[in-house]
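Reader: I would like to go through this structure with you, one topic at a time. Shall we begin?

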Amino acid sequence: MHLTDHDRAMRDGAEGDAIAAAMDLLIRYGEGLGAEVLCDVRNVAGTSTQPTPAKTIIAKEHGWDKAFSVINLDSDADIAIPPMRVPTCQLQQGFNDEVLSISPYRSELVELQDGAESFASEKGINILATCTPYQVGNLPTRGEHVAWMESSAVIYANSVLGARTNCEGTASTGSAGLTGRIPCWGNHREETRRGTHLIESDVRVESFLDWGMLGYFAGDVVGEQRPVLSGQLARPTLTDLKHLGAAMATSGGVEMFHLPGVTPEARTIEEAFGDTVPATTVHYTAADRAHVYETLNDQGSSTDVDFVLLGCPHASVEQMAEIARLLDGRKLHPDTRLWVMAPRALRDVADRNGVTAAIRAAGGQVLTDSCPAMSRTAPEGTRVFATDSAKQAHYLPAILDIEAWFGTTRDCIEAALTGRWKGELR
Ligand code: F3S
């Protein structure tokens with residue numbers, strides 16, 4: 001790999017041990033990928049404070065610098081960590097103490113979280129505590145090289161914002177924050193951002209549910225390639241695009257899609273493909289739509305729902321307001337819990353406009369900082385949950401060994417109010 005003089009100086013220790021370890025990692029990583037150079041980044045989004053068993057042990061026995069060295073720099077040395085060199089934010093992390101009275105989440109994890117958060121803050125890491133940093137003001141410009149983790153955020157950054165990032169990891173984002181560099185390969189390069197498959201929707205895609213199901217279908221079809229979506233598509237909202245991308249990155253490993261006329265690198269279908277020839281054209285039919293719905297509901301058997309989970313990826317203000325509107329002043333079924341996951345900064349907005357109070361008055365919770373999949377927790381005794389998120393319906397049954405129902409936000413709220421799943425595809 002070609003290194004600049006500055007890259008070499010960092011690697012050789014001219015700027016301290018932490019920078020040297022970070023650059024060593026980035027060079028090993030880049031060479032493993034076949035990258036020819038590193039590129040500058042000035043926007044890093046990673047997870048430096050997520051509580052893990054390994055981090056718990058290291059932090060307790062050796063302190064936070066050592067924990068960061070091992071987990072975020074892949075180094076066994078106990079290195080003093082300097083402040084981040086470029087703007088860096090914390091994505092998802094562990095739950096805060098709000099969940100202690102409503103789930104079996106352990107208080108020692110909250111304490112660990114507080115310690116990690118204090119350490120990260122001292123190093124200049126902005127604690128956004130959400131998988132949707134783009135919803136709370138962390139917005140790279142079009143064409144900007146960034147280093148982001150979290151598949152739903154990465155696909156949003158590449159596709160909707162036109163920024164450039166691969167799906168990075170804990171160590172590569174830790175190293176990028178300290179050096180301002182990342183291997184320049186994959187989505188950073190113009191020639192690997194063009195579409196590969198044309199997905200033509202023969203059915204009208206307009207609702208939040210349908211954007212998620214189209215995404216789940218497209219991810220399954222293209223795997224790790226880049227779909228171009230066309231056909232009977234309404235103009236999506238930010239919330240629809242968030243759901244679409246998260247679903248695509250769930251059934252497949254998609255990191256970028258094009259929606260001609262909507263996403264910035266594809267004013268037309270032709271521009272989406274550039275010089276490349278689509279590998280194939282696939283039609284999304286009514287039968288495909290029904291199949292996706294069945295697949296996302298094949299992990300539910302009991303219709304007694306004891307938990308409803310909304311806000312994956314973290315909810316927008318509009319989603320929270322819609323939930324409050326659907327609750328319409330009614331109370332939850334006594335045996336059913338409702339959790340809405342949101343960025344803390346957006347819950348502040350919901351607090352001020354009365355939405356949080358309306359959800360709480362029904363018996364629900366608006367929680368921040370994490371989610372049941374990341375923190376591996378749910379209300380005590382949960383056996384069957386319902387969600388409007390294709391991503392949660394896909395992952396949570398395996399993570400928590402529970403049954404799942406997938407449907408519209410309205411179906412989910414009805415389940416929260418009645419304790420019964422009555423959703424069906426309309
Ligand atoms: Fe975010 Fe958790 Fe969903 S990290 S995308 S709310 S699984």
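Reader: What area is buried between domain 1 and domain 3?

Author: In this predicted model, about 1,900 Å² is buried between domain 1 and domain 3. Carbon and sulfur atoms give 54% of that area.

Reader: Why is an area quoted here? What does an interface's size have to do with it?

Author: The size of an interface is often given as the accessible area lost when the parts come together.

Reader: Which domains is the protein divided into?

Author: The division is into domain 1 (5–190), domain 2 (194–295) and domain 3 (297–418).

Reader: How many residues does the contact take from domain 1 and from domain 3?

Author: Domain 1 contributes 21 residues to the contact and domain 3 contributes 26 residues. The C-alpha centres of these two domains lie 29 Å apart.

Reader: Turning to the ligand, where does it lie?

Author: The ligand lies between domain 1 (5–190) and domain 3 (297–418), because both give residues to the shell around it.

Reader: Which residues come nearest?

Author: There are 13 residues around the ligand, and Gln92, Cys131, Cys312, Cys371 and Gln392 come nearest. By class, the shell has six nonpolar, five polar and two charged residues.

Reader: Which helices each supply at least two residues of that shell?

Author: Helix H15 (372–375) and helix H16 (390–400) each do so.

Reader: Now the sheets. What is the strand order in the one with four strands?

Author: The order is E4-E3-E2-E5, in an open sheet with parallel pairing. Strand E4 (125–127) and strand E5 (147–148) stand at the edges with a single partner strand each, so one side of each has no neighbour in the sheet.

Reader: How many bridges join E2 and E3?

Author: Strand E2 (residues 44–46) and strand E3 (residues 88–90) pair over three bridges. Ala45 has Cys89 in E3 as its bridge partner.

Reader: Which strands does helix H7 lie across?

Author: Helix H7 (residues 170–179) lies across E2, E3 and E5, and runs at about 150 degrees to E2.

Reader: And the sheet with three strands: what is its order?

Author: That open sheet runs E8-E7-E9, again with parallel pairing. Strand E8 (227–233) and strand E9 (280–284) stand at its edges, each with a single partner strand, so each has one side without a neighbour in the sheet. From one strand to the next, the twist averages 20 degrees.

Reader: How many bridges do E7 and E8 pair over?

Author: Strand E7 (residues 197–205) and E8 pair over six bridges. Ser201 has Gly231 in E8 as its bridge partner.

Methods. Residues are numbered from 1 along each chain as its sequence is written. This is a predicted model: local features need pLDDT of at least 70, side-chain atom pairs count only at pLDDT 80 or more; totals for chains, interfaces and linings use all residues. Side-chain values use heavy atoms; hydrogens and water are left out. A residue is near a molecule or strand if one of its heavy atoms lies within 4 Å of it. Ala, Val, Leu, Ile, Met, Phe, Trp, Tyr, Cys and Pro count as nonpolar, Asp, Glu, Lys and Arg as charged, and the others, Gly among them, as polar. Domain bounds come from an automatic or database domain assignment. Two strands pair if DSSP finds at least two bridges between them. Axes are lines fitted to C-alpha atoms, for helices over the stretch in contact, and angles run from 0 to 180 degrees between N-to-C directions. Contact means heavy atoms within 4.5 Å. Buried area is the accessible area (1.4 Å probe) that two parts lose on being put together, summed over both.
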